[in-house]
Amino acid sequence: GLGQISDKEKSGFISLVSRYLSGNEEQIEWGKIHTPTDEVVVPYDTLAAPPEDLAATKALLDKLAVLKLNGGLGTTMGCTGPKSVIEVRNGFTFLDLIVVQIEVGSLNKKYGSNVPLLLMNSFNTHDDTLKIVEKYANSNIQIHTFNQSQYPRVVADEFLPWPSKGKTDKDGWYPPGHGDIFPSLMNSGKLDLLLSQGKEYVFIANSDNLGAIVDMKILNHLIHKQNEYCMEVTPKTLADVKGGTLISYEGRVQLLEIAQVPDAHVNEFKSIEKFKIFNTNNLWVSLKAIKRLVEADALKMEIIPNPKEVEGVKVLQLETAAGAAIRFFDHAIGMNVPRSRFLPVKATSDLQLVQSDLYTLVDGFVTRNAARTNPSNPSIELGPEFKKVGCFLGRFKSIPSIVELDSLKVSGDVWFGSGIVLKGKVTITAKPGVKLEIPDGKVIENKKLLAPFSL
């Protein structure tokens, strides 16, 4: 039943299952955890300025490749294809913005460099992505695609691969998390290709993080300091308390996830006083180091068991995370970057933020409006009527102004006219069976609206 995957994938899957069953995952001893120093987590504002000389900048960029994680579908936002082709702003998709940033915004066109773009797909997104990237055939950017591994889901009560029990269609398989990026980059041949082109570092980020752009200060620092791995972290807010954080542990920098924390210390882990930073999943990694560690089979990241129920069958997906690999690399560091480098779009509430007047779009870069004095973005909570992108877009004639908004909560059958301004704390609720249409040009400031009522 496993005939449709390669021998290397079979070997990787068997190794993952064996490690999981043996239960030999290293346990974190809470008393040995230390918060990292500035040498381990480098403050971004202490970095030296990159060279201003065009030739020197080109020399740095010629050592770089950009890799976007493109294995996710847009199903949580009501879309069927790759999430990266959801329109973000001004008709541009995530993928459009990524290509424009590299080609026009600050890299290849400006410096005459040749920064390639790699897309790591899953078997769910690969075919669609191949068709989509054809539109960039005449652009000044090399685009490479490759698939991450395809592993069989495991039937939970028998611990047997589901395809071996006759489930051979797509639902019998899963992509094993972004920790699989390192062997997949190697097995695809793309790693050796990049090395042959003189590339030294790869910048890895989620395709839906609009803040994850190439930063010359970080690249310059890594090349001069010869750090093999750099994880971008950023200050925690109360919305990020479950995010993984960096720690110093037994002389090495390590990612600590909430699943590894003993129950007695979960509140301590969530504290933004002790653990002040969290992982953005923007990673800079040495290509030579990836090759060395994959060839030595040394990347034994913590296993994340992900239980699911598919067609009434309880199955288990064993996954790993790319951030957990940090402890295997030499001279690994964190980089405490501005919050602007973490702008993920996971839901339509995030889409409302980036489509509003809170941001502008120039050369593929989504930039925050300087008129917003509050350093934090507004918190937006939209009801299930807004969950799917199509429904979300249909309920707004235009996206309201939110530069002065603190929080917005919308529930029920609510429709927005054009030119609406929201300020302060706003709650809008339509009772069941009531349709609420907010008229064009309405200014709503610090109000709780409960329909039916007259506006």
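**Pockets, cavities and annotated sites in a predicted model**

Let me begin with the second largest pocket, whose lining takes at least two residues from each of α1 (7–22), α6 and α10. I should say at once that what we are looking at is a predicted model. Among those helices, α1 gives the most to this lining, with 7 residues. The space in the second largest pocket comes to about 600 Å³, and of the 26 residues that line it, G12, Y151, P183, D297 and L299 are the closest to its centre. Sorted by class, that lining has 11 nonpolar, 7 polar and 8 charged residues.

Helix α10 (residues 287–295) also brings us to the interior, since it supplies 5 residues, the largest share, of the largest nonpolar core. That core has 39 residues, and those with the most contacts inside it are L67, F182, Y229, I290 and F329. If we take I290 and set aside its neighbours within four places in sequence, we find it in contact with F182, L185, L191, V202, V285 and F329. There is also a second, separate core of 37 residues, which includes V354, I420, I444 and L449. As general background, nonpolar side chains in soluble globular proteins tend to be buried together.

Now to the enclosed spaces. The structure holds 2 cavities of 30 Å³ or more, and the largest has a volume of about 70 Å³. It is lined by 12 residues, with Q101, I102, L107, I213 and V214 lying nearest its centre, and the elements that give two or more residues to this lining are β3 (64–69) and α3 (94–105). Of the lining residues of the largest cavity, 9 are nonpolar, 2 polar and 1 charged.

The second largest cavity, at about 50 Å³, is lined by residues including K68, F94, Q101, N206 and L210. Which helix gives the most to the lining of this second largest cavity? It is α3, with 4 residues, and α3 also gives the most to the lining of the largest cavity, with 3 residues. By class, the lining of the second largest cavity divides into 5 nonpolar, 4 polar and 1 charged.

Finally, the annotated positions, which I would treat with some care. An unreviewed UniProt entry places the feature "binding site" at K83, Q148, G177, D208 and K346, and the feature is likewise placed by UniProt, again in an unreviewed entry, at H178.

K83 is found in the loop between β3 and β4 (87–89). Is K83 buried or exposed? Its relative accessibility is 10%, so it counts as buried, the cut-off for buried being under 20%. Leaving out residues up to four places away in sequence, K83 touches G72, L73, G74, M77, F94, D208, V345 and K346.

G177 lies in the loop between β11 and α6, and with a relative accessible area of 17% it is buried. With residues up to four places away in sequence not counted, G177 touches Q148, E319 and T320.

H178 is in the loop between β11 (173–174) and α6 (181–187). Why does H178 not count as buried? Because its relative accessibility is 27%, H178 counts as partly exposed, a class that lies between the cut-offs of 20% and 50%. On the same basis of leaving out residues up to four places away in sequence, H178 touches L69, M120, N281, T320, A321 and A322.

Notes: Residues numbered from 1 in each chain as written. Predicted model: local features only at pLDDT ≥ 70, side-chain atom pairs only at ≥ 80, totals over all residues. Heavy atoms only, no water. Core = buried A, V, L, I, M, F, W, Y, C linked by side-chain atoms within 4.5 Å. Buried < 20%, exposed > 50% of the residue type's maximum accessible area, 1.4 Å probe, protein only. Contact = heavy atoms within 4.5 Å. UniProt positions renumbered as here; feature names shortened; annotations may be inferred. 1 Å grid on protein atoms, 1.4 Å probe; cavity = no way out; pocket = protein on both sides within 12 Å on 5 of 7 lines; lining within 4 Å. Points joined across faces, edges and corners; volume = space filled by probe spheres on them. Nonpolar A, V, L, I, M, F, W, Y, C, P; charged D, E, K, R; others polar.
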